Amino acid sequence: MRNTKRVIGFVFLLVVALLVLAFVVQNVDSITVDYFFGEQEMPLAVALVATLIVGVVVGVLASLGWVWRLRRRLRALRREVDTSRKEVENLRSMPLKDSA
């Protein structure tokens, strides 16, 4: 099972690499990118990949607060579960009282 996942992962990465290579080969035209501090001439593929990377970084940074909040909540819930388990263990170890 473990080797199957590795093979599938390797095949997936190989397909992605081939698609990226095909993308780069088809987009070799040079463009001029104007930004605040000047301009730069670069291949279209490089500009698109750079834009993708910047978008991913911005997306990750935007979601960090949400992830941290969820992790903090998860820690609190785990502590609550531990406390409840200890309470149940204590209740189970107590002797039963006679109700008569």
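Helices here are DSSP runs of H or I with at least four residues, numbered from the N terminus. With that in hand, here are some exercises on this predicted model.

**Exercise 1. Place valine 49 and describe its surroundings.**

*Step 1.* Find the element: valine 49 belongs to helix 2, which covers residues 44-93.

*Step 2.* Judge the exposure. Valine 49 has a relative accessible area of 35%, so it is partly exposed; that class lies between the 20% limit for buried and the 50% limit for exposed.

*Step 3.* Look for a partner far away in sequence. Valine 20 is 29 residues apart from valine 49 along the chain, and their C-alpha atoms are separated by 9.6 Å.

**Exercise 2. Work out the order of the elements and the overall form of the protein.**

*Step 1.* Count the elements: there are two helices and two strands.

*Step 2.* Read along the sequence, and the pattern is α-β-β-α.

*Step 3.* Compare with a globule. The radius of gyration is 28 Å, whereas a compact globule of 100 residues would have one near 13 Å.

*Step 4.* Check the dimensions: along the principal axes, the C-alpha atoms fill a box of roughly 90 × 45 × 15 Å.

*Step 5.* Turn to the surface. Just 3% of the 100 residues count as buried. The protein exposes about 9700 Å², and carbon and sulfur atoms supply 66% of that area.

**Exercise 3. Test each helix against its expected span.**

*Step 1.* Start with helix 1. Its 25 residues reach 36 Å from the first C-alpha to the last, close to the 36 Å expected at 1.5 Å a residue.

*Step 2.* Ask how well helix 1 is covered: hardly, since zero of its 25 residues are buried.

*Step 3.* Move on to helix 2. Its 50 residues should span 74 Å at 1.5 Å a residue, and because the end C-alpha atoms are 71 Å apart, the two values agree.

*Step 4.* Look for a bend along the way: helix 2 has a kink of about 35 degrees, centred on leucine 64.

**Exercise 4. Explain how asparagine 27 is classed, and find what surrounds it.**

*Step 1.* Locate asparagine 27 in the loop between helix 1 (2-26) and strand 1 (30-35).

*Step 2.* Apply the cut-off. Buried means under 20% relative accessible area, so asparagine 27, at 17%, counts as buried.

*Step 3.* Find a polar partner: a polar atom of the asparagine 27 side chain lies 2.9 Å from the backbone oxygen of phenylalanine 23.

*Step 4.* List the contacts. Leaving out residues up to four places away in sequence, asparagine 27 touches Pro43, Leu44 and Ala45.

**Exercise 5. Describe tyrosine 35 in the same manner.**

*Step 1.* Tyrosine 35 sits in strand 1.

*Step 2.* Its relative accessibility is 42%, so tyrosine 35 counts as partly exposed.

*Step 3.* Leucine 52 is 17 residues apart from tyrosine 35 in sequence, and 16 Å apart in space, C-alpha to C-alpha.

Technical notes:
Residues are numbered from 1 along each chain as its sequence is written. This is a predicted model: local features need pLDDT of at least 70, side-chain atom pairs count only at pLDDT 80 or more; totals for chains, interfaces and linings use all residues. Side-chain values use heavy atoms; hydrogens and water are left out. Buried means under 20% relative accessible area, exposed over 50%, partly exposed in between (1.4 Å probe, protein chains only). Contact means heavy atoms within 4.5 Å. The expected span of a helix is 1.5 Å times one less than its number of residues. The radius of gyration is taken over C-alpha atoms; the globule rule is 2.2 Å times the number of residues to the power 0.38. Accessible areas come from the Shrake-Rupley method with a 1.4 Å probe; for residues, only the protein chains shown count as cover. The bend at a residue is the angle between axes fitted to the seven residues ending there and the seven starting there.
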